[in-house]
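Biologist: Can you bring the model up and walk me through it? I'd like to start with how you name things.

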Amino acid sequence: MKKYNSILKYIFIVIASLFITGCVHDDKYDEPNLENYQCRTADYYTKPENNFVKWTLADLKAKAENATFGDNAYIEGYVSSTDETGNIYKTIYIQDTPENPTQGLTVSVDMVSTYTKFPQGSKVYIEVKGLAITTYGGVKQLGMITPAGTRILEKEVPNHIFRDCNIRANIVPKVMTSAQMVTANDQYIGCLIKMNNAEFDSRVLCSNYAPNGVTVDRAIRDNSTTTTRIVRNSGYASFANQILPSGNGEFVGIYSKYNTTYQMYINKVTDLKMTNFPRLDGITSNPCEFSANGLTAKTVAEIKQMYTGGNWTQITGDFYVKAQVVANDETGNLYKYLYIEDATGGLRVNINKLNLYLDNRFRLGKDVYIKLKNLYVRDVSGEIQLGALFNNNTQFGQIEEVDVYKYFFDTNTPSRTVVPTERTISQLTNADVGRWIKLKDLQFIDGDLGKTYSDGTATTNRTLEDCSGNKITLRTSGLADFGTSTTPMKPASTEIEGGKGDVYAVLSAFNGTYQLWITRLANVDLDDPRCDGSVYTPLPTIYSDEFAAGGFTSDWTVANVLGAQVWTTSNQGNGSNYYAVMNGFSGGNNVNEDWLISKAVSLVGKTKAVVNFTTDVRYAGNALQVYATENYTGNPATTTWVQLPATLDTNNAAFGDWVSSGNVDLAAFLGKNVRIAFKYTSTTAAAATWEIDDFKIKAQ
């Protein structure tokens, strides 16, 4: 029995050891076993019977682009990159020599873990027949023209790329300064380079290399110029969650660019030696390490009490607070601020930085240390807030991005669940302002039913009430997005829920009125019957067209009154999703009048009906006009039209900011057949581009 227990103990130790070592993440990887993987030697390509022609990397990049090579040619180079950390994806970078290279090359492959076949330093031969040179983002790359893109298919890689059986070199990075990263040195794109005296910009100090799953740019500079360059980091890299080095020193990475922006990719963070102080910007020691020595802890309630009146109060004591992030800007409903909370209360913190939620310090549920000295508190319309001064210290507002590292410190603890404070509307007091709260058994008032969360891109008020008739305002920014990057969900196109239930939100105050701000749609959970027992049913869609397939069906009439341009559909910038578009510009601004008219939709027997759609406008020009008629004559000029008060996009400086029309009432057409028309006009002075999508008529 004693021997049996010893064996069990030994097995347990071995398993535990494997578990522990399996949880360690660093840049040390076992060398791949290449013994049985294809390789060749240089003499294979010099044998006359193989009939190969050697091209240099410069020769290759000088060839005509977007044309498949028929030449029995090859190139050779040394692998400068490694994708073992996951920061480089489906790309192999090579350079012509291991040291002091004169040319680099980007090789695009539809293959991951290339380091297992072509580790850094490998000499490789690439047979180019069947491949092609293309340009992406201003960088020439070797790939394969296929229906799926221009990468060398994984199954084709063994037919084109061969490792030298004997040669594995040490890649010595080429020293380059930031000032040398210019067009004249584009031949080095793909080479491993080293920047001396490099340091990450103070705006990104104390943040991680990249947020989980998100690729980001981190600014870096040296002493050769004040111009910063970019280090591009993948959120899927094994080192993504590590903190950027805060000192000065050697940066090593792959040299590249995107259009006119020069950027670098890290192979392994162990290549970076950036621990020297002082930095070029004068920072004398590591600013990311928090110490409470010499500081006095304060609570959120005590911070609020520091405001003594007037425009603002400066915090002059050596104080700090530890608090939990209970609401951030992940959906864009909060903009350049977040809320923190401890046991004594909640507080709005203003920071002049976008996408705060991507910073580890400001993730939802994280505890953060904030050094308070030299920050300011102010009563803003009834809400005490923490921030800084700007505009030559004449206005209170946000802490500047360049100063974030001075005040905010990661506690290096996991995020905790944000626990709401439960209240009823009648129980709310000023002590609750800034808290994440839960209000039970609320519903939207009758007058808001059928409305969307916002009117266009404006910040909009909707009213919630409890079953006793107590009311509170819900504010929603029309610029928020409660969906994802691939499936957006704008407040202006999202109808509010009509039932009763719980609402989770931050409580704010404005001139004596309490307001709620949600951070995601799931914060409003209204699935139960309303207070009077009724069940609200949203208006069902009786006709819709998203133009998704391209072209207009017979449901639509395109009426061209003036000009050569007409309504059409496009998917430009929108993948496979088409939309209707009209543009009167062609070689210049043109006079146009063009109508897009829907089929007749019956509202017979209906007691309520609305039309809803989204628009996007670019460039100056006349506003789109929206009309309805019950009796289309076949000629827009002889038809009696009723103009509809739809909300339209007004930002003509950019594409992509689609705006919902809201639910436009069609009460005047109940019991009739209705057609909706979009009238486009342009002049020789201005011709805007108007786009329409997500067309719906809803009725019951």
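Modeller: Sure. Helices (H or I, at least four residues) and strands (E, at least two) are DSSP runs, numbered from the N terminus. Residues are numbered from 1 along each chain as its sequence is written. This is a predicted model, where local features need pLDDT of at least 70, side-chain atom pairs count only at pLDDT 80 or more, and totals for chains, interfaces and linings use all residues, while side-chain values use heavy atoms, with hydrogens and water left out.

Biologist: Okay, which strand is alanine 198 in?

Modeller: Alanine 198 is part of strand E12, residues 192-200.

Biologist: And is alanine 198 buried or exposed?

Modeller: Buried, because its relative accessibility is 0%. The cut-offs: buried is under 20% relative accessible area, exposed is over 50%, and partly exposed is in between (1.4 Å probe, protein chains only).

Biologist: What does alanine 198 touch?

Modeller: Leaving out residues up to four places away in sequence, its contacts include Ile220, Arg221, Asp222, Phe251 and Met274. Contact here means heavy atoms within 4.5 Å. Also, the C-alpha atoms of alanine 198 and leucine 272 are 9.8 Å apart, with their positions 74 residues apart along the chain.

Biologist: New topic. How many salt bridges are there in the whole structure?

Modeller: The search finds 30. A salt bridge is a side-chain nitrogen of Lys or Arg within 4 Å of a carboxyl oxygen of Asp or Glu.

Biologist: Give me one that links distant parts of the chain.

Modeller: Try arginine 520 with glutamate 330, at 3.5 Å from N to O. They sit 190 residues apart: arginine 520 is in the loop between strands E34 (513-517) and E35 (524-528), and glutamate 330 is in the loop between strands E20 (319-327) and E21 (337-342).

Biologist: How accessible is each partner?

Modeller: Arginine 520 is partly exposed at 30%, and glutamate 330 is partly exposed at 40%.

Biologist: What about arginine 423, which residue does it pair with?

Modeller: Aspartate 432, with the closest N and O atoms 3.1 Å apart. Arginine 423 is partly exposed at 27%, whereas aspartate 432 is buried at 2%.

Biologist: Which residues are joined into one network by shared partners?

Modeller: Lys54, Glu76 and Lys123. In the pair of glutamate 76 and lysine 54, the closest N and O atoms are 3.2 Å apart. Glutamate 76 is in strand E3 (residues 73-79) and lysine 54 in strand E2 (residues 53-54), 22 residues apart.

Biologist: Is lysine 54 buried, exposed or partly exposed?

Modeller: Partly exposed, because its relative accessibility is 45%.
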